[in-house]
Structure formats: C-alpha cells, structure tokens
Amino acid sequence: QISTEFRSLTKDLRLWSTTLIGGSNVRKSINELKRTNHVIIGTPGRLIDMVKRNHLDLTEFSTLVLDEFDQMLDMGFLEDIQYLEKGLVNKSQTLLFSATLDKSQRKLVEEMTNNAVHIKAGVGTHLTKQIKQELLEVTKGIRRVDILQDLIQSNSDKKVLLFCETKRQVDDVHQVLRKSKIKVDHIHGDKSQRSREFALRKFKNGKVDVLVATDVMARGIDVDDIGLVINYQVPRTYECFVHMFGLTCRAGRSGLAVTLV
C-alpha cells in the first residue's frame, strides 16, 4: 500500500523505491536493490535479511521511518528495530508514526531521537455519528458462529469485514462460513504476502462478500465501501475499537458496526 502511494506521488519525478517484504521473491528483491533507490519500504525481517546478505547498505540512508511503531513493538520487533537503527550511522532524521504510545515505549523513543517534536494529528477517541453501533449478546446455549451467520445473511447487501482476536479463530470462522456457502476469504500473519494481497484484492473487487482478519492485519486494509464491521469478541483496547469500526464509514459513507459479547 505504501509502495503504491509512493509511485503515485512521485510519477515522472524519477524517484525510485524497492519494497522488501517476507513471502516475496528473494531473487527479484536482490535485483531491484542493484538499481538506484531513493526509498526502501520493508518489513524488519526482510530488511535485515538483505543487510546480512550484503545487498542492502544501511549507511547509504539518512532517514528512518517506522510506521505503526506501537504495533511493531507489541509484535516483538524491538531487537530488529534496534538492529536497523544501529546500522543507520548516517541517520539525520527519525519519524515514528503510532496510533498510541505506551509509557513503556517512551524510553526507546528517547533513545532513538534527539529533542523529538511530538505532533498529534487527532486524538482518535470518538466515533462518527455515521456509524450505527450494535451489541449482540451471545447467551448460554447459543453458538457464536450461528449468530454470526445470521448477521451476515441478514446484511447480504453489504461488504463485511470480520475481526477475530487470534489467527486460529480466523481460520476456524473462515471454514464455518465457507461451509455455509458464504463467499469469504481470510488474512492473518501466517498467510503468505501473495495470498494476503490476493484475498484483499478479491474483497476490494467484490469477488468475496466477507473478509475475516486479525486486528493486526486490519492496519493494512484500504477499502472504501465496507458496509458492516463485526467484532467476533470485544477488542482489547478502545483505540483498537475505534480504528476497526472507522473502516466502515470511509469517504462520507454511513456504516454498521456490531460487537458480539
């Protein structure tokens, strides 16, 4: 997504980028690194892999950008971030983008920056009135998946984004919905980059009606016409709740957001 935006913004400016992500062809990545690159966009693991193979020289770069900084630390990328930061010996600027910042992360921010300027683009603590919110109580003796199926079928005219807390839940719910003849696909961290992109493309183009995902994968979803967002269980944080439900009212549209409790 970031790579696509970069190409759009730099059209005809002769600025080049290479994207390094797990699951992509290693040989292709190596060949792209041989050309001039003004920007490298990547995930920590593949970036470090290319550094250790001597195909990427961190000393050539002066700016470090970490997107979704808080999530990266939650996912255990601290050592990878420190490795990359240490290799950028000619770094003159660090930019950290984060929806939230835990107190435990502030020390690391101070270590990576010098007299940093803190900019708030928005507080992200409220939901627009265009989103209709509902809670569905799962009472004893009723299966959660049965409620889920009824909810999706009663909103068959809407594009549905369904969030589960774990990768296993995503797989299980996906299987149940498939057996119900619902056009569905799923994405999570154990799926290859190619399969995730394919699933997102089908969802965006309307070839599947329902996309099941973990909340981490939700950060990369850029679809404007989602009519219904479902939380399979209550999100862990309020910020996560706002972010997920905000995906259903893009571009001035209204939407429905439902949480199973």
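Here are some notes on this predicted model, point by point.

1. **Confidence.** Before reading anything into the details, keep in mind that this is a predicted model. The average pLDDT for the chain is 85, and 89% of the residues score at least 70. Confidence peaks in strand β2 (residues 39-42), with a mean of 96, and bottoms out in helix α10 (residues 238-245), with a mean of 68. I'd keep that last value in view when we get to point 8, which deals with a residue of α10.

2. **Overall make-up.** The chain contains ten helices and ten strands. Of its 261 residues, 39% are buried. If you look at contacts with a separation of 6 or more, 67% of them involve residues 24 or more positions apart.

3. **The six-stranded sheet.** The strand order is β5-β10-β9-β6-β8-β7, in an open sheet with parallel pairing. The edge positions go to β5 (131-136) and β7 (184-187); each has a single partner strand, so one side of each lacks a neighbour in the sheet. On average, neighbouring strands are turned by 20 degrees against each other, direction ignored. As background, strands of a sheet pair through backbone hydrogen bonds, either parallel or antiparallel. For the β7 edge, the link to β8 consists of four bridges, and the two strands run parallel. One pair to click on is Asp185 with its bridge partner in β8, Leu211.

4. **Helices on that sheet.** Helix α8 (residues 167-179) packs on the sheet and touches β6, β7 and β8, with its direction at about 170 degrees to that of β7. Helix α7 (residues 144-154) lies across β5, β6 (160-164), β8, β9 and β10 (255-260), and runs at about 175 degrees to β9. The buried residues of α7 are Val145, Ile147, Leu148, Gln149, Leu151 and Ile152. These pack against β5, β6, β8, β9 and β10, and also against α8.

5. **α7 against α8.** How do these two helices cross? Their axes come within 11 Å, at an angle of roughly 55 degrees. Angles of 35 to 65 degrees are neither roughly parallel nor roughly perpendicular, and α7 and α8 are therefore oblique to each other. The crossing is right-handed. On the α7 side the contact is made by Val145, Leu148, Gln149 and Ile152, and on the α8 side by Val173, Val176 and Leu177. Note that Gln149 is in this contact and is also among the buried residues of α7.

6. **Around α3.** In helix α3 (residues 44-52), the buried residues are Pro44, Arg46, Leu47, Ile48, Met50 and Val51. They pack against β1 (17-20), α2 (26-33), β2, α4 (69-74) and α5 (78-87). With α5, the axes are 10 Å apart and the packing angle is about 45 degrees, which makes α3 oblique to α5. Here the crossing is left-handed. Pro44, Gly45, Leu47, Ile48, Val51 and Lys52 of α3 meet Asp80, Tyr83 and Leu84 of α5. Just after α3, have a look at the backbone of Asn54, which takes a positive phi of about 65 degrees.

7. **Strand β3.** This strand (residues 63-66) has two faces: Leu64 and Leu66 are on the covered one, while Thr63 and Val65 are on the uncovered one. It runs parallel to strand β4 (residues 93-96), and four bridges join the two. Leu66, from the covered face, has Leu96 of β4 as its bridge partner.

8. **Two single residues.** Is Gly227, in the loop between β8 (210-214) and β9 (228-231), buried or exposed? With a relative accessible area of 12%, Gly227 is buried, since the cut-off is under 20%. Gly227 is 20 residues from Leu247 in sequence, and their C-alpha atoms are 8.9 Å apart. The other residue is Phe241, in helix α10. Phe241 also counts as buried, at 16% relative accessibility. Phe241 and Asp215 are separated by 26 residues in sequence, with a C-alpha to C-alpha distance of 9.5 Å. Just remember the mean pLDDT of 68 for α10.

Definitions and conventions
Residues numbered from 1 in each chain as written. Predicted model: local features only at pLDDT ≥ 70, side-chain atom pairs only at ≥ 80, totals over all residues. Heavy atoms only, no water. pLDDT = per-residue confidence, 0-100. Buried < 20%, exposed > 50% of the residue type's maximum accessible area, 1.4 Å probe, protein only. Contact = heavy atoms within 4.5 Å. Pairing = 2+ DSSP bridges. Axes fitted to C-alpha atoms, helices over the stretch in contact; angles between N-to-C directions. Parallel < 35°, antiparallel > 145°, perpendicular 65-115°, else oblique. Left-handed = near helix turned anticlockwise from the far one by under 90°.
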